[in-house]
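Reader: Hi! I'm new to this one and would love a friendly walk through it. Could you pull it up for us?
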Amino acid sequence: MLSVSLPANFEYGVYSSFYNWEAIVGTDWDYPAKKGVPLWYAHYDDKPNFSDFKPFGGWVKPFAKQYKGTTSSCGVGVDYDWFPTFTDDEEASPEIFIQ
């Protein structure tokens with residue numbers, strides 16, 4: 001997939017957790033990180049920041065975090081995700097994505 005996406009200038013990234021990455025490919029496999037692919041990691045700790053991030057797969061800093069899994073908001077199932085902005089010092093309001 002990366003060999004097709006990179007030259008075509010598609011926007012893409014990797015979504016994983018430390019533990020899933022470790023189980024599937026091992027924490028040392030770093031091909032996507034070396035190619036500049038951004039990481040959106042999952043760690044359900046209810047904290048919209050990167051303070052819990054543990055480097056894996058060659059990533060030393062993630063692009064985004066899913067910090068709360070399937071929950072209900074206004075009667076709809078949602079996940080809570082956090083993306084820092086230029087004005088953030090790693091604290092921000094949550095971004096909510098409808099499943």
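Reader: Thanks! Which residues do ring pairs link into a cluster?
Author: Happy to help, and please keep in mind that this is a predicted model. The cluster consists of Phe18, Tyr19, Trp21, Trp29, Tyr31, Tyr41, Phe50, Phe53, Phe56, Trp59 and Trp82, linked by ring pairs.

Reader: And how many aromatic pairs does the count come to?
Author: The count is 15 aromatic pairs. One of them is tryptophan 21 with tryptophan 59, which is edge-to-face, with 5.1 Å centre to centre and 75 degrees between the planes.

Reader: Where do tryptophan 21 and tryptophan 59 sit in the chain?
Author: Tryptophan 21 belongs to helix 2 (residues 18–24), while tryptophan 59 is in the loop between strand 2 (39–42) and strand 3 (64–73). They are 38 residues apart, so the pair links distant parts of the chain.

Reader: Are tryptophan 21 and tryptophan 59 buried or exposed?
Author: Both tryptophan 21 and tryptophan 59 are buried.

Reader: Nice. What about phenylalanine 50 and tryptophan 82, what kind of aromatic pair do they form?
Author: Theirs is edge-to-face, at 4.8 Å centre to centre and with 80 degrees between the planes. This pair also links distant parts of the chain: phenylalanine 50 is in the loop between strand 2 and strand 3, and tryptophan 82 is in strand 4, 32 residues apart.

Reader: Why does phenylalanine 50 count as buried?
Author: Because its relative accessibility is 7%, and buried means under 20%. Tryptophan 82 counts as buried too, at 0% relative accessibility.

Reader: Switching topic: which ring does lysine 54 lie over?
Author: Lysine 54 lies over the face of phenylalanine 18, 4.1 Å from the ring centre. Elsewhere, the charged end of lysine 68 sits over the ring of tyrosine 80, at 5.5 Å from its centre.

Reader: Let's try aspartate 79. Which strand is it found in?
Author: Aspartate 79 is in strand 4, which covers residues 76–82. Aspartate 79 is buried, as its relative accessible area is 12%.

Reader: What does the side chain of aspartate 79 reach?
Author: It reaches the backbone nitrogen of threonine 70, at 2.9 Å. The side chains of aspartate 79 and glutamine 66 are also joined by a polar contact of 3.5 Å.

Reader: How many residues apart along the chain are aspartate 79 and glutamine 66?
Author: They are 13 residues apart, with their C-alpha atoms separated by 7.1 Å.

Note on methods:
Residues are numbered from 1 along each chain as its sequence is written. This is a predicted model: local features need pLDDT of at least 70, side-chain atom pairs count only at pLDDT 80 or more; totals for chains, interfaces and linings use all residues. Side-chain values use heavy atoms; hydrogens and water are left out. Helices (H or I, at least four residues) and strands (E, at least two) are DSSP runs, numbered from the N terminus. Buried means under 20% relative accessible area, exposed over 50%, partly exposed in between (1.4 Å probe, protein chains only). A polar contact is a pair of N or O atoms within 3.5 Å; within protein, one must be able to donate a hydrogen and the other to accept it, and residues adjacent in sequence count only if both atoms are side-chain atoms. Rings of Phe, Tyr and Trp (its six-membered ring) pair if their centres lie within 6.5 Å; planes under 30 degrees apart count as stacked, over 60 as edge-to-face and the rest as tilted. A charge sits over a ring if NZ of Lys or CZ of Arg is within 6 Å of the ring centre and within 35 degrees of the ring normal.
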